[in-house]
Amino acid sequence: MNQYNNVSEAIIKEVRDMMDRVMNRVLITDPFVVEKHHASKPLYAALVPDEIFKGSHFERRFVTPFGSIWEKLAVAAATVYHGQCEKGYTIRGTIGDVSLRRIQEVLNKLEHPVDGKRTAPNWKKELEYIKSGGGTPIPVSVVCDIYISSTRTNENYAFELKAPLPNSDQTKVSKEKMFKLLAMNERPVKAAYYALPYNPYGKKREDYIWTFPARWFDMKHDDSVLIGEELWDLIGGEGTYQFFINEINKLGVSYRERIYREYLGIEPPVGFDDDILE
């Protein structure tokens with residue numbers, strides 16, 4: 001079995017296990033009971049078809065376990081390819097007090113306009129300015145979303161892995177954590193990345209137009225930003241993203257058919273087996 005199959009199988013297993021747990025819950029341990037729905041919400045039942053609430057019942061039991069799916073998939077892929085990967089990993093070290101002050105200075109300039117003009121983010125220049133500060137060492141700890149200790153490259157990497165449409169506050173916190181990791185005197189990681197699992201606007205970095213993270217990163221040019229294929233190929237090896245997409249689409253056909261037939265009790269519509277992810 002080649003590298004792509006190994007990595008892809010690890011990813012698919014995570015998705016399959018989670019979907020099987022969801023299906024077991026909605027079909028066996030916590031099904032939608034029409035009589036219970038009518039008794040608890042008679043007005044709703046009188047006005048809205050049961051199928052609408054049956055769909056909501058499934059959605060609630062699907063969304064919660066899949067809330068951390070991207071981190072789980074990243075760990076699965078990186079563990080196979082790099083040898084060691086953890087989520088929620090704490091890194092401790094020291095940073096000079098001048099560098100710490102410069103981190104806040106950079107973030108403040110990005111957040112608050114100066115003379116009516118907002119400072120444009122520039123990762124490389126900002127990081128050089130921060131690291132050149134130095135000063136008296138201060139103990140600092142940072143919790144990484146994803147941490148890879150690679151037996152393949154003998155280097156360590158940190159990732160702030162966020163949903164594809166993150167808000168501004170989340171992004172600010174991520175950038176501060178990345179600055180701290182790379183300003184540590186102990187040099188605990190070779191690189192730190194702000195990573196989005198896919199691009200909802202297209203395949204190229206240039207297509208990404210969500211404005212909130214753009215306040216903190218140059219999303220089109222900063223080399224600390226990874227979106228979609230860039231991320232998955234780094235953590236799982238070149239070609240991982242497309243291989244993953246192909247396999248997920250195949251898996252999706254099976255589960256969509258089961259949901260139509262076994263849960264909703266209807267025949268799948270024409271086109272239900274079309275590819276969804278690209």
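## A tour of the nonpolar core and the salt bridges

Select I148 in this predicted model: beyond its neighbours within four places in sequence, I148 is in contact with A78, H82, Q84, C85, E155, N156, Y157, F159 and I235. Keep this selection on screen, since several of these residues return below.

**The cores.** Next, widen the view to the largest nonpolar core, which has 41 residues. I148 is among the residues with the most contacts inside this core, together with I146, F159, L231 and I235. Colour the elements that give two or more residues to the core: the helices α1 (3-29), α4 (50-63), α5 (69-82), α9 (229-236) and α10 (240-264), and the strands β2 (137-149), β3 (156-161) and β4 (191-196). Which of these elements gives the most to the core? The answer is α1, with 9 residues. Apart from this core lies another, of 31 residues; to find it, select L107, L181, V189 and V225, which are among its members. As a general point, nonpolar side chains in soluble globular proteins tend to be buried together.

**Helix α5.** Now isolate α5, residues 69-82. The buried residues of this helix are I69, L73, A74, V75, A76, A77, A78, Y81 and H82. Two of them, A78 and H82, are in the list of contacts of I148. A check on the geometry is available here: at 1.5 Å a residue, the 14 residues of α5 should span 20 Å, and the end C-alpha atoms are 19 Å apart, which agrees. Just after the helix, select G83, where phi is positive, at about 105°.

**Salt bridges.** Turn next to the charged side chains. Side chains of opposite charge can pair when their charged atoms come close. The count of salt bridges in this model comes to 16; three individual pairs and one network follow.

Select R61 and D30, whose side chains meet in a salt bridge with an N to O distance of 2.6 Å. This pair links distant parts of the chain: R61 is in helix α4, whereas D30 is in the loop between α1 and α2 (34-40), 31 residues apart. Is each partner buried or partly exposed? R61 counts as buried because its relative accessible area is 15%, under the 20% cut-off. D30 is at 22% relative accessibility and therefore counts as partly exposed.

Move to E230 and R205, which form a salt bridge with the closest N and O atoms 3.1 Å apart. Here too distant parts of the chain are linked, with E230 in helix α9 and R205 in the loop between β4 and β5 (225-227), 25 residues apart. E230 is partly exposed, with a relative accessible area of 32%, while R205, at 13%, counts as buried.

Then select E160 and K162, whose side chains meet in a salt bridge (3.6 Å, N to O). Both of these residues are buried.

**The network around D145.** Add D145 and K177 to the last selection: D145, E160, K162 and K177 are linked in a network of salt bridges. D145 lies in strand β2 and, at 11% relative accessibility, counts as buried. Its side chain makes a polar contact with the side chain of K162 at 3.0 Å. Finally, display the surroundings of D145: leaving aside neighbours within four places in sequence, D145 is in contact with E71, E86, K87, G88, F159, E160, L161, K162 and K177. The tour thus returns to F159, which is in contact with I148 and with D145.

Conventions
Residues are numbered from 1 along each chain as its sequence is written. This is a predicted model: local features need pLDDT of at least 70, side-chain atom pairs count only at pLDDT 80 or more; totals for chains, interfaces and linings use all residues. Side-chain values use heavy atoms; hydrogens and water are left out. A nonpolar core is a set of buried Ala, Val, Leu, Ile, Met, Phe, Trp, Tyr and Cys residues joined through side-chain atoms within 4.5 Å. Buried means under 20% relative accessible area, exposed over 50%, partly exposed in between (1.4 Å probe, protein chains only). Helices (H or I, at least four residues) and strands (E, at least two) are DSSP runs, numbered from the N terminus. Contact means heavy atoms within 4.5 Å. The expected span of a helix is 1.5 Å times one less than its number of residues. A salt bridge is a side-chain nitrogen of Lys or Arg within 4 Å of a carboxyl oxygen of Asp or Glu. A polar contact is a pair of N or O atoms within 3.5 Å; within protein, one must be able to donate a hydrogen and the other to accept it, and residues adjacent in sequence count only if both atoms are side-chain atoms.
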